[in-house]
Amino acid sequence: MTNFHFRGAEHGMQSRLDKRNNESAARWQPHPDAQPSTTLNMTGNGSSKRPIQTLPTFLMYPRQPFGGKVNSSSNRNQQQMTYRIDECCHKRRLLWMQQHLPIISGILVATSYIPSYPVAVFWSFVPLWLHWLKNPEPRQVFISGWISQFFLTLVGFHWVAHPAHEFGHLPWPVSVLVLLGFCCFANLHIALSGLVWSFINKRLHLNILQSATVLANLTLLGEVYFPKIFPWHHGYVWLWAGWEGYQFADIIGLQGLSAICIFANALVLWIWLTKKNIRTRITAFAAILALLISFNILGSQYGKKWKVFDSEIKIL
């Protein structure tokens, strides 16, 4: 009799566990109206796609509360409403993600210039170019490039409002409007370089290395030939930061030093997108750093002859 009761209790416990598992399995199911995920071509090359999941394959929602009916129409309407709200919020997050990389890039470029120390001068364009590779359509490229150059000018040339007020004798509200208008076109070559790249990429289907090289060359060309009210480039930061590589300015010019900064951005972008292993990335970045240090050491040795003079003048 004891044996019989023990087996019955074991059977009852197993039945309750199976029932609970079945309820849990029925409770969490993919929503029937959920759409499959979409992918983006990271490189713009149809032969080497790198899929990136931008939307969830399915969203998990409870079918019914414990003890409720599985096919409740009111509960199903609530599920659909929840799914639509979450999908709308997710799209808004994606929209914000599409804009924050260009803004970050513009701020990095502006804060890597005089009078700030150029911490990010060798990778400040990478967030913007990464955004362009993810969104290679010409319209999106131009808008994001315009946003980036707007924030670059707003942070780097914020002082324009002061001379407009001081020397133009304009009220402060009008001076601020002058600054905002100046931000709309001052560095438009950044957006135009991305626009040209997008048309080239659309026709030739460039890979990552080719895109990085084309972007660097177009940015450099825009920096040289685009008309500016206040000309600037990244070559000045070498002298400001005291990097001895500026000693080579008599050979390659300050524009050549700026080209080194821009092509370093392209190299960092290529390493970031092609080297998946963290150790490999660190090794590649260390190699770039070693090259820059070696360039400065050579500049220091090259500039020694300019520090020794054949005569001196003593002033009382």
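This section describes two buried residues, an internal cavity and the cysteines of a predicted model.

Ser-112 is located in the loop that runs between helix 2 (73-111) and helix 3 (126-134). The residue is buried, its relative accessible area being 2%. The side chain of Ser-112 is placed beside two backbone nitrogens: a polar atom of this side chain lies 3.3 Å from the backbone nitrogen of Ala-120, and the side chain reaches the backbone nitrogen of Val-121 at 3.5 Å. Leaving aside residues up to four places away in sequence, Ser-112 is in contact with Tyr-117, Pro-118, Val-119, Ala-120 and Val-121, and also with Val-237. Ala-120 and Val-121 therefore appear both among the contacts of Ser-112 and as the residues whose backbone nitrogens face its side chain, under a polar-contact limit of 3.5 Å.

Helix 3 contains Trp-129. With a relative accessible area of 1%, Trp-129 is likewise buried, since the value falls under 20%. The C-alpha atom of Trp-129 is separated by 8.9 Å from that of Ser-105, a residue 24 positions apart from it along the chain. Again not counting residues up to four places away in sequence, the contacts of Trp-129 comprise Leu-215, Ala-216 and Thr-219, together with Ile-262, Asn-265, Ala-266 and Leu-269.

The interior was also examined for enclosed space. Rolling a probe the size of a water molecule over the atoms shows where empty space remains. The count of cavities of 30 Å³ or more is 1, and the largest cavity holds about 40 Å³ of space. Its lining is formed by Phe-157, Phe-182, Ala-186, Asn-187, Lys-228, Ile-229, Phe-230 and Trp-232. By class, this lining has 6 nonpolar residues, 1 polar residue and 1 charged residue. Asn-187 is the polar member and Lys-228 the charged one.

With respect to the cysteines, the number of disulfides is 0. For Cys-183, the closest cysteine sulfur belongs to Cys-184 and is 6.9 Å away, which is too far for a bond because a disulfide requires sulfur atoms within 2.5 Å. Cys-184 is accordingly in no disulfide, the nearest cysteine sulfur being that of Cys-183 at 6.9 Å. The two residues fall into separate accessibility classes: Cys-183 is buried, with a relative accessible area of 0%, whereas Cys-184 counts as partly exposed at 33% relative accessibility.

How values were computed: Residues numbered from 1 in each chain as written. Predicted model: local features only at pLDDT ≥ 70, side-chain atom pairs only at ≥ 80, totals over all residues. Heavy atoms only, no water. Helix = DSSP H or I, 4+ residues; strand = E, 2+ residues; numbered from the N terminus. Buried < 20%, exposed > 50% of the residue type's maximum accessible area, 1.4 Å probe, protein only. Polar contact = N/O pair within 3.5 Å; in protein donor to acceptor, adjacent residues only side chain to side chain. Contact = heavy atoms within 4.5 Å. 1 Å grid on protein atoms, 1.4 Å probe; cavity = no way out; pocket = protein on both sides within 12 Å on 5 of 7 lines; lining within 4 Å. Points joined across faces, edges and corners; volume = space filled by probe spheres on them.
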